[in-house]
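The following paragraphs lead the reader through a structure, from the relation of its chains to the details of one helix. Please keep the model in view while reading.

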Number of protein chains: 2
Amino acid sequence: MGLDTPALVEYICGMLDSTDDVWEVLSTARSIRRFTDEPVDDETLDRCLQAATWAPNGANAQLWRFIVLAAPDQRAAVAEAARIALRAIEPVYGMTRPAADDDSRAARNNRATYELHDRADEYTSVLFTAYKNEFASEFLQGGSIYPSMQNFCLAARAQGLGACLTSWASYGGERILRDAVGVPDEWFLAGHIVVGWPRGRHGPVRRRPLADVVFRDRWDPDRADIAYGRGARPRGGRPRV
Amino acid sequence: MGLDTPALVEYICGMLDSTDDVWEVLSTARSIRRFTDEPVDDETLDRCLQAATWAPNGANAQLWRFIVLAAPDQRAAVAEAARIALRAIEPVYGMTRPAADDDSRAARNNRATYELHDRADEYTSVLFTAYKNEFASEFLQGGSIYPSMQNFCLAARAQGLGACLTSWASYGGERILRDAVGVPDEWFLAGHIVVGWPRGRHGPVRRRPLADVVFRDRWDPDRADIAYGRGARPRGGRPRV
């Protein structure tokens with residue numbers, strides 16, 4: 001593969017991070033935003049795409065198409081969409097480029113997010129589309145495409161591949177990606193998943209405890225408090241944005 | 001458990017159907033619509049709910065609540081919502097109650113669908129809600145709740161539990177479920193999953209081949225043909241509705 005030693009070690013660590021255990025996959029499929037230079041081979045990617053097709057969907061009509069974006073023109077469009085998305089999410093996340101000497105958890109998270117956007121033209125990614133139908137609300141139609149994106153991410157995690165769901169196909173990037181790929185307007189762009197071999201490790205997701213989010217039979221207003229922002233928030237804690 | 005012999009055999013077969021292999025889980029997590037009378041224990045259900053919390057979601061804000069519906073009043077509301085949903089989907093699916101002596105595949109599928117709706121008040125189910133936000137389109141907001149529903153279904157499959165995604169919380173059933181549970185209008189009802197121990201087996205999902213739904217770099221109008229209806233459809237075949 002022509003990798004130098006550190007890159008080879010990273011590559012092997014990524015491989016070792018594969019697992020067929022469903023519970024490990026489900027609990028450690030966190031977003032990966034930093035990737036090695038190693039390309040994603042077709043066999044690995046096809047297993048992710050196959051898993052995407054296994055998802056439930058309304059009436060099993062499979063009104064979806066998955067477009068692998070790897071050619072230079074399409075990658076350039078992805079990078080432009082990523083730049084636009086970054087400008088949109090910075091204020092929402094309250095995020096700025098961290099100082100070089102800032103080693104806090106927030107800074108490390110943000111640094112990974114900036115790297116993902118800055119290097120978007122170097123990665124393979126997959127655009128998920130869904131045919132617009134007249135039988136369901138726009139919201140409900142998401143139920144026939146987002147499960148396939150989750151299956152894709154889980155199959156990636158199982159193989160040690162990193163993946164990150166993005167909304168680069170929304171907001172200002174939608175028209176750019178639509179035109180670069182030629183997706184007709186009667187298809188939703190549901191989302192866009194970037195893939196690559198992780199720099200760093202897969203690891204457990206961070207979430208609020210089950211007791212915070214599960215109700216029994218009746219809505220509980222006392223546990224329906226809202227917080228925007230990144231990361232799990234302790235009960236009663238301040239939102240992180 | 002006080003089960004008679006056939007019920008006991010079914011129950012044990014269901015248990016044997018559990019697996020920790022992620023590829024088996026992903027490829028055989030098909031919708032289950034026929035259930036035994038055996039109740040779903042809290043430990044099994046909690047593992048499904050825990051898996052739901054592990055799903056990716058916008059900014060990891062976890063703006064979701066999962067409501068387990070098991071009490072008589074809530075089950076009655078579910079059953080009413082199911083009756084309404086059945087009237088809505090019959091014409092869409094081109095579905096009628098099959099004759100008793102019809103043993104075709106379509107008849108067997110439809111019989112299971114009618115049984116699910118007819119017996120809706122006997123089952124435990126989970127209502128998935130998501131807070132409406134101003135940062136994303138309604139469609140895109142589905143991306144922060146439907147992956148959690150898929151994780152739930154996969155965790156059910158792993159444990160041998162049966163699950164069926166329904167849209168009973170949409171259409172005419174939305175108001176009924178909202179009122180019975182007390183969900184405020186600023187939360188979406190994303191969907192409703194019925195759970196139970198399967199009568200019959202888990203098995204492979206039926207889908208169009210990968211080559212039908214994956215494009216490389218450019219949209220392919222020749223492979224963007226649409227078909228509504230249940231089940232995988234052969235290339236160039238007639239829609240099944």
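By what turn, and with what shift along the axis, can chain A be laid on chain B? The model is a predicted one, and in it a turn of 180° with a shift of 0.0 Å along the axis lays chain A on chain B with an RMSD of 0.0 Å. In general, two copies of a chain are related by a rotation about an axis and a shift along it. The relation found here is that of a two-fold axis. The same surface serves both copies, as 100% of the contact residues of chain A recur in chain B.

The contact between the chains may be described next. On each side the count is given: 79 residues of chain A are in contact with 79 residues of chain B. Helix α7(A) gives the most to the side of chain A that touches chain B, contributing 9 residues. Sorted by class, that side of chain A has 49 nonpolar, 19 polar and 11 charged residues.

The two chains also share a sheet. Its 5 strands follow the order β3(A)-β4(A)-β2(A)-β1(A)-β5(B), and this open sheet has mixed pairing. At its edges stand β3 (162-166) of chain A and β5 (214-216) of chain B; each has a single partner strand, so one side of each is left without a neighbour in the sheet. From one strand to the next, the twist averages 25°.

Where the sheet passes from one chain to the other, β1(A) and β5(B) pair in the parallel sense over 3 bridges. Within this pairing, V68(A) has R216(B) as its bridge partner. A corresponding pairing joins strand β5 (residues 214-216) of chain A to strand β1 (residues 64-69) of chain B, again in the parallel sense and over 3 bridges. There, R216(A) has V68(B) as its bridge partner.

Helix α7, already met at the contact between the chains, also belongs to the surroundings of the sheet. In chain A, α7 (residues 146-158) lies across β1, β2, β3 and β4 of that chain and runs at about 10° to β4(A).

A further helix of chain A deserves attention. Which residues of helix α8 (residues 173-181) of chain A are buried? They are G173(A), I176(A), L177(A), R178(A), A180(A) and V181(A). The cover over the buried residues of α8(A) includes the strands β1 (64-69), β2 (124-131) and β4 (187-196), as well as helix α4 (72-93), of chain A. Just after α8(A) comes G182(A), which takes a positive phi of about 85°.

Key. Residues numbered from 1 in each chain as written. Chains lettered and ligands numbered in written order. Predicted model: local features only at pLDDT ≥ 70, side-chain atom pairs only at ≥ 80, totals over all residues. Least-squares fit on C-alpha atoms with pLDDT ≥ 70 in both. Contact = placed C-beta atoms within 7 Å. Buried ≥ 20, exposed ≤ 12 C-beta atoms within 10 Å, placed from the backbone. Helix = DSSP H or I, 4+ residues; strand = E, 2+ residues; numbered from the N terminus. Pairing = 2+ DSSP bridges. Axes fitted to C-alpha atoms, helices over the stretch in contact; angles between N-to-C directions. Nonpolar A, V, L, I, M, F, W, Y, C, P; charged D, E, K, R; others polar.
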